[in-house]
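Visitor: I am new to this structure, and I would like a close look at one single part. Please pick a helix, take me through it slowly, and then show me what lies around it.

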Amino acid sequence: MAIQQFLDQLQQLTESATAAFQQAGSLDDLEATRIDFLGSKQGQLKSLQKQMGSVDREDKPAAGKQFNATKQAVEAALEEAQQRLSGNSQERSADPSFDATLPGSPLVVGHLHPLTQTIEELKDIMGRLGFSVADGPEIEDAWHNFEALNIPAAHPARDPLDNFYLATSQKSQPADAPLLLRSQTSTVQIRVMESTPPPIRIISLGRVYRPDTADATHYPMFHQMEGLLIDEKVTMADLKSVLRLFATSYLGEEVHIRFRPSFFPFTEPSVEVDFHWNDQWIEFGGAGMVDPNVLTSVGYDPEVVSGFAFGLGVERLCMRRHGVMDIREFYKNDVRFLHQF
Amino acid sequence: MLVSWNWLKQYVDLGMTQAELEDRFSMSGLNHEGTRPVGDDLAIELEVPSNRPDCLGHIGVAREVSVLYDQPLKLPAADPASGSDSAADYVQLRLEAQQLCPHYTARIIRGVKVQASPAWLVDLLATIFRPINHDWAPVNNIVDITNYVLMEVGQPLHAFDLAKVQGGQVIVREAQAEETFVAIDHNEYTLAAGMCVIGDTNRAIALGGVMGGADSEVSSQTSDLLIEAARFDPLATRTTARALGLHSPSSFRFERGVDPLGVDWASRRCCQLILEIAGGEMAEGIVEAGAAGQSSEPVVLRLAQLERILGIHIPADEVARILTTLGCLIQESNSESIELTAPSWRGDLSREIDLVEDLARVHGYDKIPEDVGVPMASSQRTDRDRVQDRLRQALVSAGFDEAITASMVPADWPGEFMAWTERQPIRSNTPMLKGADTLRTSLVPSLLEARRVNQSLANPLIELFETASIYLPSDDQLPRQQWTLALASGQGYFAVKGLLESLLAALKISQETELKPVDLPLLDISRSAELWLDGERLGLLGDVCQAGCDTFSLRGETTILELNIELLARLAELVPQHKPTSAYPSISRDLNVIVAESVRWSQLQQLVAATSGDQLEHLLYRETYRDVERDGENTKRILFTIVLRSDEGTMTGQQADELRDAAVAQIEQQLEGRLLAT
């Protein structure tokens, strides 16, 4: 018998035995297959071993070597199948070279800025209370930032030292009516009311600007959220109730609120709002009933509709929530800071 | 405003505890900021809102107590006796600047004895001045009395030494440019137009509403006095005080507006105290120019408005009590409305809504319920928010941290990166932070600066993005404010380009991005491109060149991407529509083509896409390499894979080969390339 023929038979046996063991669906199945290939009397391997006698003498070492390799491969396939079918019936020993405590290969995931996270939460809560987000420009004219908000020309709030007035840049901009960076997001309320009939239920969020010297609690740019609800028969009790719902949602437990009198040009009555939480009163922001002059300036009839507005500083809320002690941290953008949120 | 407990109780009974009163103040509009003991007295610090200058004196605060606790208010006397000679005999008054000083009055007292003030007066003043200025000391009885009346009723007063008023004339005028003046603080100030000067025939003797002059002040030698009580314009006073950095209790009150009818009362009160304490004789009459203000116009309060605005009912008799105690004169009232005139010291009560507010704060905001049923309403998320959310989520998933940087930047930054406009950026008259007075026209320089800061801290991984407005000058009324996304990465051009592709995929934008060459000083000229989408400029992508890195002191490779979010929002498919998927398997073919160095991948891509049609599922770039020895100069080999799939049946190898061969034929024909191997 030619050596090549014998080797081919061995190869075929390896393939068919491996395939058969892999396909065995049960231990009984496997046992039948084992007898078929490895049976000590009638097994296919046994019969091939018998044929080795007819291989040429000088080819015998090679044939024997290949036979042993085949036998090992078939037995390995059997063992693998046995393990597969019997679960963990085989004895197990830990591989000492595998250190399961080595660090994993982490997925590098970035972080949203904590102010963004706070803003998104505010939007989310107010959205559930029926307030949609309205956007408006950060660069504003005096009408939307002051006039329409009941802040007349001589009002101290319009002082050049307290605002970022812009050098004339727009062709259509008269020199005596400079544009400025908005000092409050209430400007958006005016724009929405000018273009939309009541009822209105919006929040506006975004950057506002006031020339403060940067320190631990001030920054010349910060974020505000302002809410506005205009409809027939809106009262201060509605304002208090909406703010209580907001606070309870934000803080996750029943919260009471109180009003302290305050003064803002665009609301009357005007109040400071405090939350009672963890046995102390926490300042939330300003609020009030929209001043009739503001309603008139946007073309609403203050005898027909009424409404409330409220505003809060996002940074302050975020600082309190996350224990940030210095507002300047928000704008340094040190990745070690950003990674904490 | 610091309030003395002992002083306050002269005008109203204080039967309540200190803590109770403080809390009540806070809840009714005078926020309690703290209390300090001074001697046997208490200094209670209250924050007085800018619309309540009436509470910048003890009587005003006492009136609040009186209305809050329903206690009578006891006002002091202000009826000084006068002698037979007339004030007009001693001084002539000329008011030349009525726009700066609507009302000026002077009284004359002769023969006073200037000496130390009595202990009761010193003690009361010490209670409210010492907590602010530890070294405060009384001056003399005359000056102390003017300060006392100032803090009693909120009307500033000034006592001149009559002998120092030269020429017997008081002239109220606008300051001349460059005029100088030495104030009581012994500093010299250079005045300017728009400032109000009290002068005699020779010089300025006081800066109206702000501070008296050093050489007309009352001293131990003084015997005759001119007592000024006047009303100065709020805005002019404010401008003057700010311009000179000279803020005084007087300017603080004039800025907010004094009682337009209270000038004379304060003058009489002051003179009465001087006569009582320092002796002397007051001349008959008053020297006066300008006019006291008008009393307020009547206001009608409809009682139904209270419930309409506040959501609570306040009984009519309580309404009447509060308004009367506050000093309102009720002219007419019936079951539906009250017509009244507000007191002159309450300039803030000119409209019905003002009365609603005052009634609410006195009656108590705690009476307003916090649990009424507010009607439900729908709310919508804006597309801008949806798009921004998807972009942020994709970027965070790609390992980027979100930065928030300032909207104003140093003037030279935009010049480094004029990507979106040719026009000069908008500048502010006031810088936001040191040197940053320019509204940014790109977010990129800000992110490069943030990258530099992180590099200086040796932070290992600095991948930052930001979404914010940029400000582009335009011909419209307002500048164009473009919502923009930018990022700065250390991962290199192709990683960032791949990220761009992922961002577009996240928004389901299927249009191809077109890349055009761009030449910006900040960017490497080869490794940068302007991005165009749907015929509009989408943004920029590129590696920062060495010069750019030097400008921003950056180490190592930096790649930037900046995109117009508004364009992305227009093209985004926020509600993707289902397309049936083929039931048959795909088949792929690898190609290795030799093309000239100048051939761009985008050309190959277009050709292959055009020849393979709908059956091309993916075109996967593998690699480029060069073999000059075999292929010659200026050639390169591009390896890529086409993945093909048919909707109609399993694509056979033969069909795939045909599509591949068709593509190769086009590559040969149009790009003069050839297939090296498959």
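Guide: With pleasure! Helices here are DSSP runs of H or I with at least four residues, strands are runs of E with at least two, and both are numbered from the N terminus. Please keep in mind that this is a predicted model.

Our part is α12 of chain B, a helix of 15 residues that covers residues 383-397. Let us start with its length. At 1.5 Å a residue the helix should span 21 Å, and its end C-alpha atoms are indeed 21 Å apart, so expectation and model agree.

Next, look at which way the helix faces. B:V387, B:L391, B:R392 and B:L395 are the buried residues to find in α12(B). Because they cover an arc of only 130 degrees around the axis, they sit on the same side of α12(B). Several elements of chain B help to cover these buried residues, among them the strands β20 (401-402), β23 (464-472) and β24 (480-489). The helices α15 (493-506) and α17 (565-571) of chain B belong to that cover too. Just past the helix, look for B:G399, which follows α12(B) and has a positive phi, near 90 degrees.

Now let us step back to the chain that holds this helix. Chain B has 20 helices and 32 strands. Its C-alpha atoms fill a box of roughly 125 × 60 × 45 Å along the principal axes. The radius of gyration of chain B is 40 Å, while a compact globule of 678 residues would have one near 26 Å. Of those 678 residues, 43% count as buried. Among contacts in chain B with a separation of 6 or more, 71% join residues 24 or more positions apart.

One residue gives a feeling for distances in this chain. B:T222 lies in the loop between β13 (211-212) and β14 (225-231) of chain B. B:T222 counts as buried because it has 21 C-beta neighbours inside 10 Å. Beyond its neighbours within four places in sequence, B:T222 is in contact with B:V114 and B:D161. From B:T222 to B:A569 there are 347 residues in sequence and 79 Å in space, C-alpha to C-alpha. For contrast, B:E178 is exposed, with 9 other C-beta atoms within 10 Å. B:E178 sits in the loop between β8 (169-174) and β9 (180-182) of chain B, and its phi is positive, near 70 degrees, although it is not a glycine.

What about the interior? The largest nonpolar core has 237 residues, and A:F308, B:I142, B:L225, B:I227, B:L447 and B:L487 have the most contacts inside it. Helix α5 (residues 141-153) of chain B gives the largest share of this core, 8 residues. A second, separate core of 17 residues includes A:L30, A:F37, A:A63 and A:V74. As for B:I227, its contacts beyond four places in sequence include B:A106, B:L157 and B:C270.

That brings us to the partner chain. Chain A has 12 helices and 9 strands. Its radius of gyration is 40 Å, well over the 20 Å that the globule rule gives for 341 residues, so chain A is more spread out than a compact globule. The C-alpha atoms of chain A fill a box of roughly 120 × 45 × 40 Å along the principal axes. Of its 341 residues, 41% count as buried.

Finally, see where the two chains touch. The contact takes 66 residues from chain A and 76 residues from chain B. On the chain A side, β6(A) gives the most, with 8 residues. The residues of that side divide into 35 nonpolar, 16 polar and 15 charged.

Before you leave chain A, look for two cis peptide bonds. One runs from A:P198 to A:P199, with omega near 0 degrees, and A:P199 lies in the loop between α7 and β4 of chain A. Another joins A:E268 and A:P269, with omega about -5 degrees, and A:P269 is found in strand β7 of chain A.

Note on methods:
Residues numbered from 1 in each chain as written. Chains lettered and ligands numbered in written order. Predicted model: local features only at pLDDT ≥ 70, side-chain atom pairs only at ≥ 80, totals over all residues. Contact = placed C-beta atoms within 7 Å. Nonpolar A, V, L, I, M, F, W, Y, C, P; charged D, E, K, R; others polar. Buried ≥ 20, exposed ≤ 12 C-beta atoms within 10 Å, placed from the backbone. Expected span 1.5 Å × (residues − 1). Arc of directions from axis to C-beta. Core = buried A, V, L, I, M, F, W, Y, C linked by C-beta atoms within 7 Å. Rg over C-alpha atoms; globule rule 2.2 N^0.38 Å.
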